[in-house]
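Let's walk through this structure together, beginning with a single residue and widening the view from there. Please have the model open beside the text as you read.

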Amino acid sequence: MERKFLEGLGLENDVIDKVLDQNMTEIGVYATRLKNKEIEVDTLWVDLNTANSKIVELEKVDVKQLQNDLAAEKTARVKDRQHWALQSALQESGCKDPEYIMWKLGDSVEFVDSGDLKDKDGLLKTVKETYAAQFEAEPSGGTGGIGNFQRNHSTTDKPMTSEEFSKLSYMDQYNFKKQRPDEYKSLKSN
């Protein structure tokens with residue numbers, strides 16, 4: 001709106017000044033709103049471009065390969081659980097060389113879905129009969145005199161030092177933990 005237009009209508013200068021001031025105020029409000037909307041539009045364009053570039057990156061991912069990798073990893077973890085379950089069972093039963101027995105057994109050992117041995121007792125019995133030389137002799141009961149008692153009545157083992165514990169292999173530490181949990185906790189806390 002211009003002053004000449006308002007003067008042409010026959011309005012007085014005071015009224016023209018008030019109309020122009022009011023018009024400028026309203027134009028200022030709308031100009032501010034317009035500027036804010038322009039900033040919003042610019043921000044949305046940046047967000048859209050960022051999202052589009054991420055989509056392009058994600059389209060490059062080979063989902064089938066990732067699924068194959070995941071399946072292979074799951075299979076490997078099951079094999080590891082089976083290996084440790086068999087090795088642990090053989091060591092607990094007094095096997096001198098669990099790796100040799102595991103090699104001899106090959107893939108003939110059956111496992112449940114969780115990776116544990118299917119018939120642990122039956123398997124160990126068969127393995128002890130077939131490979132008797134690979135197992136420590138079972139201590140014969142008795143020979144301690146009348147009533148066939150054990151000669152050594154002491155059931156306590158000599159406590160292990162931290163240095164002795166640190167020299168044990170992982171499987172020996174694992175077996176130690178199962179047999180003497182309290183002593184294991186105290187050694188691990190040191």
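Leaving aside residues up to four places away in sequence, Ser88 touches Met171, Tyr174, Asn175 and Lys178. This serine has its place in helix H3. Is Ser88 buried or exposed? Its relative accessibility is 7%, under the 20% cut-off, so Ser88 counts as buried. Please keep in mind that you are looking at a predicted model.

Ser88 also helps to line a pocket, the second largest one, together with Trp84, Ala85, Ala89, Glu92, Asp116, Leu117, Lys120, Tyr170, Met171, Tyr174 and Lys178. Two elements give two or more residues to this lining, namely H3 and helix H7, which covers residues 170-179. H3 gives the most, with 5 residues. Met171, Tyr174 and Lys178 thus appear both among the contacts of Ser88 and in the lining of this pocket. The volume of the second largest pocket is about 190 Å³. By class, its lining divides into 7 nonpolar, 4 charged and 1 polar residues.

Now turn to the largest pocket, with a volume of about 220 Å³. Which residues line the largest pocket? They are Lys79, Gln82, His83, Leu86, Met102, Gly106, Asp107, Ser108, Val109 and Phe111. Helix H3, running over residues 63-92, gives the most here too, with 4 residues. The classes in this lining are 4 nonpolar, 4 polar and 2 charged residues.

Leu86, part of that lining, leads us on to the nonpolar interior. The largest nonpolar core has 13 residues, and those with the most contacts inside it are Leu86, Leu90, Leu105, Leu123 and Val127. The elements that give two or more residues to this core are H3, helix H4 (98-105) and helix H5 (120-130). A second, separate core has 5 residues, including Met160, Phe165, Phe176 and Leu187. In soluble globular proteins, nonpolar side chains tend to be buried together.

Leu90 is a good place to look at the larger core in detail. Not counting residues up to four places away in sequence, Leu90 touches Cys95, Pro98, Ile101, Met102, Leu124, Val127 and Phe135. Met102 is a residue you have already met in the lining of the largest pocket, while Val127 is one of the core residues with the most contacts.

Val127 also gives us a way to place a residue of helix H4, where Lys104 is found. How far apart in space are Lys104 and Val127? Their C-alpha atoms lie 9.9 Å apart, and the two residues are 23 apart in sequence. Lys104 is partly exposed, because its relative accessible area is 38%, between the 20% and 50% cut-offs.

Finally, step back to the whole chain. Its secondary structure comes to 8 helices and 0 strands, so to speak a run of α-α-α-α-α-α-α-α from the N terminus on. Of its 190 residues, 19% count as buried. The chain exposes about 15,300 Å², with carbon and sulfur atoms supplying 54% of that area. Among contacts between residues at least 6 apart in sequence, 43% join residues at least 24 apart. The contacts of Ser88 with Met171, Tyr174, Asn175 and Lys178, where we began, are a local view of how this chain meets itself.

Key:
Residues numbered from 1 in each chain as written. Predicted model: local features only at pLDDT ≥ 70, side-chain atom pairs only at ≥ 80, totals over all residues. Heavy atoms only, no water. Buried < 20%, exposed > 50% of the residue type's maximum accessible area, 1.4 Å probe, protein only. Contact = heavy atoms within 4.5 Å. Areas by Shrake-Rupley, 256 points an atom, 1.4 Å probe, with all protein chains shown as cover. 1 Å grid on protein atoms, 1.4 Å probe; cavity = no way out; pocket = protein on both sides within 12 Å on 5 of 7 lines; lining within 4 Å. Points joined across faces, edges and corners; volume = space filled by probe spheres on them. Nonpolar A, V, L, I, M, F, W, Y, C, P; charged D, E, K, R; others polar. Core = buried A, V, L, I, M, F, W, Y, C linked by side-chain atoms within 4.5 Å.
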